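Here are my notes on the model you asked me to look over. They are in the order in which I went through it.

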2 protein chains.
Amino acid sequence: MNDETYHDGRHHGACVHGTARPCCRHAGGAGQGALVEPAALAALLGGAAHGYDLRRAIGELTNGQLDVDPGGLYRVLRRLETEGFVVSEWAGSGPGPQRRNYELSEEGRDLAEGWVVHLRERERLSGLLADVLTEALAKEAPTE
Amino acid sequence: MNDETYHDGRHHGACVHGTARPCCRHAGGAGQGALVEPAALAALLGGAAHGYDLRRAIGELTNGQLDVDPGGLYRVLRRLETEGFVVSEWAGSGPGPQRRNYELSEEGRDLAEGWVVHLRERERLSGLLADVLTEALAKEAPTE
DNA sequence: CTGCACTATATGTTGGCCTCATATAGATGT
DNA sequence: ACATCTATATGAGGCCAACATATAGTGCAG
């Protein structure tokens with residue numbers, strides 16, 4: 001009603017500024033750090049699948065926490081293929097739109113292992129910074 | 001010696017690809033997500049200071065885990081000032097290069113609180129994705 | 001006296017990512 | 001016929017970290 005801020009599950013309401021002003025950190029991935037690539041790798045580890053199914057698998061694997069943009073997902077799959085981490089081919093013709101089947105290569109499995117390390121580091125740094133901020137806010141007691 | 005990879009504490013050796021190829025994820029903040037702004041806010045919560053000192057404070061607050069680029073730090077401080085989260089002025093003339101003193105505004109404190117929420121979310125998602133990947137890798141037992 | 005390292009502030013540039021937008025095409029249900 | 005879902009894809013904007021580069025003041029060692 002008179003709540004003019006967005007509530008569509010995207011970044012509008014989750015802007016770090018906590019305001020309705022145009023959020024300056026919802027593009028370019030600098031907000032959270034890359035997520036689509038590791039999510040795609042996780043889904044592919046569960047077995048070969050087509051793009052649309054991988055997106056669904058990501059949602060299931062993360063209990064609905066991650067809903068990756070299909071545009072970004074296909075872009076990542078393409079790039080991972082050009083880099084040799086994924087292999088894909090058009091699936092046999094059946095009813096419905098043409099499907100492309102994606103499968104992880106051995107190098108892709110190694111890449112996934114690398115991402116675990118990277119994500120743990122991000123988790124650690126995020127927690128560390130959140131702790132530092134929390135303590136600093138607590139010390140800076142209201143004096144007004 | 002014959003180890004051709006970098007070892008200068010930057011992202012070279014920490015590339016998510018785990019290879020010596022030009023790491024494609026060490027620029028644009030997409031690697032870890034934004035860190036300079038919350039770190040700057042944390043340092044400013046400790047009291048007004050000049051830029052160079054804030055960088056040192058960040059190092060201390062994070063036990064050496066974070067060594068922010070001075071270029072980026074000054075850029076963030078400037079932007080935070082134009083956005084009203086920080087106030088600064090040239091310090092009185094003394095020996096040495098000219099210094100600028102930065103101080104958090106009330107809005108800046110609110111912004112810092114918003115960053116705690118954001119960082120906890122990033123911590124949570126990073127941990128979730130790392131868990132998902134770890135479990136998927138464990139299930140995909142070596143069959144070769 | 002010179003050169004180097006530190007202090008202190010700053011701008012330029014590049015590459016990658018997320019988000020949002022838009023597009024094409026096949027199938028199904030109302 | 002239209003809306004929705006399935007399925008694949010490209011374009012564009014904005015942000016960030018990292019690296020580079022610049023200017024200027026100071027102190028110290030050789």
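1. Along its sequence, chain A reads α-β-α-α-β-β-α, which makes four helices and three strands. Helices here are DSSP runs of H or I with at least four residues, strands are runs of E with at least two, and both are numbered from the N terminus.

2. Before the details, the ground rules: this is a predicted model, where local features need pLDDT of at least 70 and side-chain atom pairs count only at pLDDT 80 or more, while totals for chains, interfaces and linings use all residues. Residues are numbered from 1 along each chain as its sequence is written, chains are lettered from A and ligands numbered from 1 in the order in which they are written, and side-chain values use heavy atoms, with hydrogens and water left out.

3. Some totals for chain A. Of its 144 residues, 40% count as buried (under 20% relative accessible area; exposed means over 50%, partly exposed in between, with a 1.4 Å probe and protein chains only). The chain exposes about 8300 Å², with carbon and sulfur atoms supplying 52% of that (Shrake-Rupley areas, 1.4 Å probe). Taking contacts between residues at least 6 apart in sequence, 46% join residues at least 24 apart; contact means heavy atoms within 4.5 Å.

4. How do the two copies relate? A turn of 180° and a shift of 0.0 Å along the axis lay chain A on chain B with an RMSD of 0.0 Å (least squares on C-alpha atoms of residues with pLDDT of at least 70 in both). The copies are thus related as by a two-fold rotation axis. Both use the same surface, since 98% of the contact residues of chain A recur in chain B.

5. Now the sheet in chain B. It is open, has three strands in the order β1-β3-β2, and pairs antiparallel (a pair needs at least two DSSP bridges). β1 (49-50) and β2 (86-90) of chain B are at the edges with a single partner strand each, so one side of each has no neighbour in the sheet.

6. The pairing can be followed residue by residue. Two bridges hold β1(B) to β3(B), residues 100-104: B:Ala49 partners B:Tyr102, and B:His50 is opposite B:Asn101. Between β2(B) and β3(B) there are five bridges, and B:Asn101 turns up here too, as the bridge partner of B:Glu89.

7. Which side chains of β3(B) are buried? B:Arg100, B:Tyr102 and B:Leu104 are, and they point to one face, whereas B:Asn101 and B:Glu103 point to the other and are not buried. Helix α1(B), residues 36-45, lies across β2(B) and β3(B), at about 90° to β3(B) (axes are lines fitted to C-alpha atoms, for helices over the stretch in contact; angles run from 0 to 180 degrees between N-to-C directions).

8. Helix α2(B), residues 51-61, is worth a look from the end. B:Gly51, B:Leu54, B:Ile58 and B:Gly59 are buried, and they span an arc of only 145° around the axis, which puts them on the same side of the helix. B:Tyr52 and B:Glu60, on the other side, are exposed. The buried set packs against α1, β1, α3 (70-82) and β3 of chain B. Just past the helix, B:Asn63 has a positive phi of about 50°.

9. Finally, please check B:Arg109 in helix α4(B), residues 106-139. With 14% relative accessibility, B:Arg109 counts as buried. Beyond its neighbours within four places in sequence, B:Arg109 is in contact with A:Leu137, A:Glu140, B:Leu45 and B:Leu104.

Conventions. Arc of directions from axis to C-beta.
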